[in-house]
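User: I have a model open and want to go through it with you. Can we start with one side chain and its polar contacts, then move outwards?
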Amino acid sequence: PPARVITLEQRRLFIFPTAAGFMFMATLLLMLLTAINYQNNMAYGLTFWLAMVFVVAVHFTHGNLLHLTVAAVGAESVFAGQQTGLRLRLTAGGKRAGHYSVYLIWPGSEQWVDVLPGVETTVQMHLSTHERGWFQPPRLRIESTYPLGLLRCWSYADLDIQALVYPRPLPAPALCATAGSEG
């Protein structure tokens with residue numbers, strides 16, 4: 001449900017390998033088959049060591065977004081057809097050293113941000129408005145591929161934030177310039 005403040009917990013986070021991650025796993029499989037074929041202990045060691053690096057990357061990629069707090073601060077009122085500015089405050093939670101390479105995505109607005117520990121990071125994103133009335137932005141996608149780019153961890157945040165969109169003003173008629181010197 002929409003909320004003003006959302007903390008990303010374990011049940012809100014999803015993780016899946018990227019294209020580079022799938023290529024990494026395919027390479028590991030090929031290295032394992034080669035090690036089995038040639039019965040080379042060094043190839044076994046390298047293959048299992050790289051597989052361990054992949055498992056550790058799963059832990060760190062998931063942990064990069066864990067306990068990140070996103071709060072809706074405010075929104076600018078605009079005229080229909082203009083872009084409204086939506087302000088978000090991101091805070092590092094838990095005992096983390098920070099959240100790095102966090103990618104915030106709204107349709108038509110994207111931004112990379114690093115959230116350092118003990119510092120509230122304020123981000124302003126701009127979204128286009130088309131109709132007058134209360135503008136409710138869609139769900140915000142928060143994702144990260146930190147640290148190795150082998151896995152992508154993401155979550156969706158439905159923030160309770162609204163911007164008032166006024167009707168588009170009518171164009172003013174052009175003023176006629178008088179030829180005489182009279183006022």
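Analyst: Start with E143, whose side chain makes a polar contact of 3.2 Å with the side chain of R141. Note that this is a predicted model.

User: What other side chain is joined to E143 by a polar contact, and at what distance?
Analyst: That is R152, with a polar contact of 2.9 Å between the side chains.

User: Where is E143 found?
Analyst: In strand 10, which covers residues 140-144.

User: Buried or exposed, and why does E143 count that way?
Analyst: Buried, because its relative accessibility is 11% and the cut-off for buried is under 20%.

User: Which residues does E143 touch, leaving out those up to four places away in sequence?
Analyst: L65, then S101, V102, Y103 and I105, and finally R152, C153 and W154.

User: Moving outwards. How many helices and strands does the protein have?
Analyst: There are 2 helices and 12 strands. From the N terminus the order is β-β-α-α, followed by β-β-β-β-β-β-β-β-β-β.

User: What about the radius of gyration, against a compact globule?
Analyst: The protein has 25 Å, whereas a compact globule of 183 residues would be near 16 Å. The box filled by the C-alpha atoms is roughly 105 × 40 × 30 Å along the principal axes.

User: How much of the protein is buried?
Analyst: Buried residues are 36% of the 183. The exposed area is about 11400 Å², with 60% of it from carbon and sulfur atoms.

User: Last topic, charge. How many positive and negative side chains?
Analyst: The protein has 12 positive and 10 negative ones, and the centres of the two sets are 8 Å apart.

Note on methods: Residues are numbered from 1 along each chain as its sequence is written. This is a predicted model: local features need pLDDT of at least 70, side-chain atom pairs count only at pLDDT 80 or more; totals for chains, interfaces and linings use all residues. Side-chain values use heavy atoms; hydrogens and water are left out. Helices (H or I, at least four residues) and strands (E, at least two) are DSSP runs, numbered from the N terminus. The radius of gyration is taken over C-alpha atoms; the globule rule is 2.2 Å times the number of residues to the power 0.38. Buried means under 20% relative accessible area, exposed over 50%, partly exposed in between (1.4 Å probe, protein chains only). Accessible areas come from the Shrake-Rupley method with a 1.4 Å probe; for residues, only the protein chains shown count as cover. Lys and Arg count as positive and Asp and Glu as negative; His and the chain ends are not counted. The place of a charge is taken as NZ of Lys, CZ of Arg, CG of Asp or CD of Glu. A polar contact is a pair of N or O atoms within 3.5 Å; within protein, one must be able to donate a hydrogen and the other to accept it, and residues adjacent in sequence count only if both atoms are side-chain atoms. Contact means heavy atoms within 4.5 Å.
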